[in-house]
Amino acid sequence: MSKVIVVGGGPSGIIAAIAAAEMGHAVEIYEKNEKLGKKLYITGKGRCNITNESDKDNFFEQLCSNKKFFYSSFNKFNNIDTINFFNNIGLKTKKERGNRIFPATNKSSDVISALNKQLKLLNVKIKYNTEVKSIFVEDNIVKGIKIMNETILSDSVIIATGGLSYPLTGSTGDGYKFAKEIGHRVTELNPSLVPIHVKEEYIKDLMGLSLKNININIFANNKKIYEEFGELIFTHFGLSGPVILSGSSYIVPYINKTNSIKIAIDLKPALTKEQLDNRILRDFDEVKNKDFKNSLDKLLPSKLIQPIVELSGINADKKVNEITKIERNNLVELLKNLTFTITKLADYNQAVITKGGINIKEINPSTMESKIIKNLYFVGEVLDLDALTGGYNLQIAWSTGHLAGSSIE
Ligand SMILES: Cc1cc2nc3c(=O)[nH]c(=O)nc-3n(C[C@H](O)[C@H](O)[C@H](O)COP(=O)(O)OP(=O)(O)OC[C@H]3O[C@@H](n4cnc5c(N)ncnc54)[C@H](O)[C@@H]3O)c2cc1C
């Protein structure tokens, strides 16, 4: 039996502690907050999308970086293992749209309670309100951690400090600092799965409008970098919602490096341009003598009508039966390609995850142990691993955490 210290009591640290304790080690978690899993509590809008039950190929399509590195940990503890694990510790789960797995009760607090119970059962010690200041290393072997005025010795240390997003939950990037201090490299860090800011001022007038069943295309210097169908929401500074958060992950490499990043929204993806034109003609036919500005109620949500009228270049007071074919074509083009210029991504306060992290070249993928410092492990979001929304990021935490905990000898 050896002594294991886990730095950080988020999902990756908790599962690592459980796995190490199951191997018979004496485990202590050091958590700077007054409780475990503050971020876990707010996941999935308080419902916690624990994992995703998609098959392996589909699962890996949703990973954004270093897929190959993740294979070993996923193979040792995959999405099905995660579901079984939670069911075995008394948490019933259910499957929703897109194979997303949630607790049957819809409460993230039940996920945390189940984990807490398991930690107690396995006699894992938890030091709350204790911020780790650095990692104690001698001759490239980890010896423990340093907190305020104290050095705590251990045989191994698992760093599970998370990233930089939602810093109020405790994830303030400490693990990156620790890693750099002991010779690890950290790749470029950026907020990801995050809303986007756009240049067009009129976006403010659309605030709160949610559009379902739309298609988006994102272009960097006119090259398409992302396409998705789904739902988005307008904010006072730009765009958010599922398709935007996912799209942001593909924008990260281009932001600040590319002159032009644009997003084009197809408001009517189910219709070809010709079908849309016919639809507009039918609508116009019913309101022949109305002004153009009063003719789009059936086609568009009310908040969108004024901006579309202005952008169409058609005189708002023109009678519908006087609108020319060319003007109608322009309107169709606009509805199929409502375009905004992306200026920046929102910051870490609104980012679901951090893109980038501990350079995976310096980590053994079969154990999560550092290749530089013996008996030191990195797990979860602190690593340069990230995925789209849908339960995939938590699975990264469960798989890497479990692998590290069960690899300690
Ligand atoms: C709003 C939101 C919703 C999300 N929803 C989902 C979802 O539904 N499904 C999904 O798969 N993913 C979701 N995610 C992402 C997911 O929460 C993260 O990927 C996951 O929490 C990462 O786990 P982690 O254990 O690596 O890090 P964290 O959860 O960030 O935990 C790190 C812990 O380490 C502690 N810590 C940090 N530094 C120190 C230190 N120096 N000393 C002591 N303790 C320290 C922190 O206080 C924290 O408790 C969501 C994220 C956000 C922000």
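Two strands pair if DSSP finds at least two bridges between them. The views below show a predicted model.

**View 1. Asparagine 52 faces arginine 100 across a strand pair.** Arginine 100 belongs to β6. That strand, residues 100-103, pairs with β3 in the antiparallel sense. The pairing runs over 2 bridges.

**View 2. Three strands, β3-β6-β5 in order, form an open sheet.** The pairing in this sheet is antiparallel. β3 (51-52) and β5 (93-96) stand at the edges. Each has a single partner strand, so one side of each is left without a neighbour in the sheet. Strands of a sheet pair through backbone hydrogen bonds.

**View 3. A shell of 38 residues surrounds the ligand.** Gly8, Gly10, Gly162, Gly170 and Gly380 come nearest. Three elements give two or more residues to the shell: α1 (11-22), α2 (38-42) and α12 (392-407). By residue class, the shell holds 14 nonpolar, 17 polar and 7 charged residues.

**View 4. The largest nonpolar core has 66 residues.** Val6, Val7, Ala16, Ala17 and Ile158 have the most contacts inside this core. Helix α1 supplies the largest share, 8 residues. Another core, of 26 residues, lies apart from it. Its members include Ile216, Ile251, Leu345 and Ala351.

**View 5. Isoleucine 158 and its contacts beyond four places in sequence.** Isoleucine 158 is in contact with Val4, Val6, Val7, Gly13 and Ala16. Tyr377, Val379, Ala404 and Gly405 are also in contact with isoleucine 158. Ile158 is one of the residues with the most contacts inside the largest nonpolar core.

Notes: Residues numbered from 1 in each chain as written. Predicted model: local features only at pLDDT ≥ 70, side-chain atom pairs only at ≥ 80, totals over all residues. Near = placed C-beta within 6 Å. Helix = DSSP H or I, 4+ residues; strand = E, 2+ residues; numbered from the N terminus. Nonpolar A, V, L, I, M, F, W, Y, C, P; charged D, E, K, R; others polar. Core = buried A, V, L, I, M, F, W, Y, C linked by C-beta atoms within 7 Å. Buried ≥ 20, exposed ≤ 12 C-beta atoms within 10 Å, placed from the backbone. Contact = placed C-beta atoms within 7 Å.
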